[in-house]
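Me: Could you take a close look at the aromatic residues of this model and the part of the structure around them? I would like one connected account, with the cut-offs spelled out.

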Amino acid sequence: MIIRVQSEPFDLGAETNAFADAQNGMGAVVTFTGIVRDLPGEGLDRMEIEHYPGMTEKALEKIAQQASERWDLGDVLIIHRYGNLKADDRIMMVATSSRHRVHAFEAAEFLMDYLKSRAPFWKKEFTASGAEWVAAKDADEAALDRW
Amino acid sequence: MDVLYFAWVRERIGIPREKVETSAATVADLVAELRTREERYEVAFSDLSALRVAVDQELTDFDASLDGAREVAFFPPMTGG
């Protein structure tokens with residue numbers, strides 16, 4: 001289980017290769033990457049991501065642990081950035097490995113659903129006309145019900 | 001105990017953290033105490049349904065006991081991922 005919370009960018013290709021190379025006897029590696037979306041109209045100047053140092057790492061470990069107990073996984077990787085990002089920057093990634101692809105896919109989806117509303121990150125969008133905190137969506141909370 | 005604020009809660013209260021001397025038994029009791037302090041606390045805590053709370057870095061609810069708690073954090077619903 002590898003959990004990293006960092007302000008600096010990560011190399012998606014290098015991280016994916018390193019994760020895949022470290023697996024032994026796994027038939028599947030699934031990765032997901034979250035990317036900063038631009039805003040329609042005046043556009044996004046930047047996004048600021050705040051987090052709760054200490055709790056963030058614990059929450060991510062707990063989510064990864066739950067996934068490992070529920071699915072037959074070789075390993076789990078979570079990288080999540082904080083600080084200042086721009087449109088098209090990569091915010092975060094998860095990777096899962098399993099002997100079977102269904103486990104790797106489902107676990108990655110589970111990780112993403114829980115990361116959205118149970119990991120203490122908050123996004124603020126800055127545009128030419130001001131700044132606004134991104135509101136949590138009801139759909140994100142509802143997504144947890146299927147697990 | 002240490003009380004921490006994040007995102008717009010931090011902005012409305014104006015500080016990221018503070019030491020609070022309290023004998024509040026639950027999170028709700030602590031919120032009631034803070035609300036009587038100043039307008040900015042009253043504003044920040046006016047709608048508890050818009051807030052989440054963690055005690056010692058574990059997500060919990062407003063009925064949670066503060067017995068032995070060292071750190072309480074208030075923040076809006078999280079937007080990770």
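Reply: Happy to help; here is a walk from the aromatic pairs to the core and then to the chain around them.

A word on conventions comes first. This is a predicted model, in which local features need pLDDT of at least 70, side-chain atom pairs count only at pLDDT 80 or more, and totals for chains, interfaces and linings use all residues. Residues are numbered from 1 along each chain as its sequence is written, chains are lettered from A and ligands numbered from 1 in the order in which they are written, and side-chain values use heavy atoms, with hydrogens and water left out.

Let us begin with the rings. A pair of aromatic rings is described by the distance of the centres and the angle of the planes. Here, rings of Phe, Tyr and Trp (its six-membered ring) pair if their centres lie within 6.5 Å; planes under 30 degrees apart are called stacked, those over 60 edge-to-face, and the rest tilted. Over all chains, the search of the whole structure finds twelve aromatic pairs. One of them is the stacked pair of A:Trp122 and B:Phe6, with 5.1 Å centre to centre and 15° between the planes. A:Trp122 belongs to strand β7 (residues 121-127) of chain A, while B:Phe6 is in the loop between β1 (2-5) and α1 (7-13) of chain B, so this pair joins two chains. Helices (H or I, at least four residues) and strands (E, at least two) are DSSP runs, numbered from the N terminus. Both A:Trp122 and B:Phe6 are buried, where buried means under 20% relative accessible area, exposed over 50%, and partly exposed in between (1.4 Å probe, protein chains only). The two also belong to one aromatic cluster, formed by A:Tyr52, A:Trp122, B:Phe6 and B:Phe75.

A second pair lies within chain B. The ring centres of B:Phe45 and B:Phe74 are 4.9 Å apart and their planes stand at 85°, so this pair is edge-to-face. It links distant parts of the chain: B:Phe45 is in the loop between α3 (39-44) and β3 (52-55), B:Phe74 is in strand β5 (residues 71-75), and the two are 29 residues apart. B:Phe45 is buried at a relative accessible area of 0%, and B:Phe74 is likewise buried, at 0%.

Several of these rings return in the largest nonpolar core. Such a core is a set of buried Ala, Val, Leu, Ile, Met, Phe, Trp, Tyr and Cys residues joined through side-chain atoms within 4.5 Å. The largest one has 34 residues, and those that touch the most other members are A:Tyr52, B:Tyr5, B:Val27, B:Leu30, B:Phe45, B:Phe74 and B:Phe75. Two or more residues each come from β1, α1, α2 (27-35), α3, β3 and β5 of chain B. Apart from this core lies another, of 31 residues, among them A:Ala28, A:Ile78, A:Val94 and A:Ala108.

A:Tyr52 deserves its own look. Setting aside residues up to four places away in sequence, its contacts (heavy atoms within 4.5 Å) include A:Pro120, A:Trp122, B:Leu4, B:Phe6, B:Gln57 and B:Phe75. B:Gln57 is in the loop between β3 and β4 (58-60) of chain B, is buried with a relative accessible area of 16%, and has a positive phi near 70° in a residue other than glycine. B:Ala7 also has a positive phi, of about 55°, although it is not a glycine; B:Ala7 is in helix α1 of chain B and counts as buried at 0% relative accessibility.

Charges meet rings too. A charge sits over a ring if NZ of Lys or CZ of Arg is within 6 Å of the ring centre and within 35 degrees of the ring normal. The charged end of A:Arg46 sits over the ring of A:Phe126, 3.7 Å from its centre, and B:Arg37 lies over the face of B:Tyr41, 5.3 Å from the ring centre.

Finally, the setting in chain B. This chain has three helices and five strands, in the order β-α-β-α-α-β-β-β along the sequence. Of its 81 residues, 48% count as buried. B:Glu39, in helix α3 of chain B, counts as exposed at 60% relative accessibility.
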